[in-house]
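Here is my note on the model you sent, set out as numbered points. I begin with a local detail of the backbone and then move outward to the fold, the charged pairs, the aromatic rings and the surface.

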Amino acid sequence: MPLMGGMLSSYLPSPPPGSAPPSRWGDEAAVTELLRAHAIEVRVMRRSSLRLSFADCTEAREFLIRTAGNILAERSNLERAGRWRDLEHDLENLVRDQNENSRQAVELDCEYLLVLAAASVE
């Protein structure tokens, strides 16, 4: 969910200079360029999606937090700064806005890029 990355940007530190955002791994041209720079050739590239289902927005928010290392790494800093509850609130609102289900249950469609690549033979 690229929207999640955008929402989190105001809570998490900026990536180190010279590093690329993780979202580049979902961009066909960027992936091809990143791999080509290391003599790796893209053989197959396919976009697909995965539907995540949760009982409610709180459960979805907690899953997204538990599985995001960048959020977990900054939790104590955000708590000390009094910003943790704000992050939880904003993330739950994002989940609510992206919910594909009209009932209390939450369904989030997460698109991904599947890439098969191999070292170039020269």
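1. Ala 39 lies in the loop between α2 (28-36) and β1, and I would start there, bearing in mind throughout that this is a predicted model. The phi angle of Ala 39 is near 60 degrees, which is a positive value in a residue other than glycine. With 37% relative accessibility, Ala 39 falls into the partly exposed class.

2. As for the overall architecture, the protein chain contains five helices and two strands, and read from the N terminus these elements follow the order α-α-β-α-α-α-β. The chain is more spread out than a compact globule, because its radius of gyration is 17 Å, well over the 14 Å that the globule rule gives for 122 residues. Taken along the principal axes, the box filled by the C-alpha atoms has dimensions of roughly 55 × 35 × 15 Å.

3. Burial and contacts add to this picture of the whole chain. Of the 122 residues, 27% count as buried, and the accessible surface comes to about 8,100 Å², with 51% of that area belonging to carbon and sulfur atoms. Among contacts with a separation of 6 or more, 73% are accounted for by residues 24 or more positions apart.

4. The charged side chains deserve a point of their own, since the structure holds ten salt bridges. One of these connects the two strands: Glu 111 and Arg 47 meet with a distance of 3.1 Å from N to O, and the pair links distant parts of the chain, with Glu 111 in strand β2 and Arg 47 in strand β1 (residues 40-54), 64 residues apart. The two partners fall into separate accessibility classes, as Glu 111 is exposed at a relative accessible area of 56%, whereas Arg 47 is partly exposed at 34%.

5. Another salt bridge is formed by Arg 43 and Glu 41, whose closest N and O atoms are 4.0 Å apart. That value deserves care when the pair is discussed, because the criterion asks for a nitrogen within 4 Å of a carboxyl oxygen. Both partners are partly exposed, Arg 43 with a relative accessible area of 48% and Glu 41 with one of 39%.

6. In helix α5 (residues 84-98), Arg 96 and Glu 92 are four residues apart and therefore separated by about one helical turn, and their side chains meet in a salt bridge at 3.4 Å from N to O. Arg 96 is partly exposed, with a relative accessible area of 43%, while Glu 92 is buried, with a relative accessible area of 14%. This pair is part of a network in which salt bridges that share partners join Arg 61, Glu 62, Glu 92 and Arg 96.

7. Where does Glu 88 lie? Glu 88 is also a residue of helix α5, and its relative accessible area of 8% places it in the buried class. Leaving aside residues up to four places away in sequence, Glu 88 touches Arg 61, Glu 62 and Ile 65; two of these contacts, Arg 61 and Glu 62, are members of the salt-bridge network described above.

8. The structure holds one aromatic pair, and its geometry is intermediate in kind: the ring centres of Phe 54 and Phe 63 are 5.3 Å apart and the planes stand at 45 degrees, so the pair is tilted. Phe 54 is buried, with a relative accessible area of 10%, whereas Phe 63 is partly exposed, with a relative accessible area of 25%.

9. Finally, on the surface, Leu 50, Tyr 112 and Leu 114 together make a nonpolar patch of about 270 Å². Of these, Leu 114 is found in strand β2 (residues 106-119), where its relative accessibility of 41% makes it partly exposed. Strand β2 thus carries a member of the nonpolar patch, Leu 114, as well as Glu 111, which is paired across to Arg 47 in strand β1.

Notes. Residues are numbered from 1 along each chain as its sequence is written. This is a predicted model: local features need pLDDT of at least 70, side-chain atom pairs count only at pLDDT 80 or more; totals for chains, interfaces and linings use all residues. Side-chain values use heavy atoms; hydrogens and water are left out. Patches are made of residues with over 30% relative accessible area and no salt bridge: like charges are joined within 9 Å, nonpolar side chains (Val, Leu, Ile, Met, Phe, Trp, Tyr) within 5 Å. Accessible areas come from the Shrake-Rupley method with a 1.4 Å probe; for residues, only the protein chains shown count as cover. Buried means under 20% relative accessible area, exposed over 50%, partly exposed in between (1.4 Å probe, protein chains only). The radius of gyration is taken over C-alpha atoms; the globule rule is 2.2 Å times the number of residues to the power 0.38. Contact means heavy atoms within 4.5 Å. Rings of Phe, Tyr and Trp (its six-membered ring) pair if their centres lie within 6.5 Å; planes under 30 degrees apart count as stacked, over 60 as edge-to-face and the rest as tilted.
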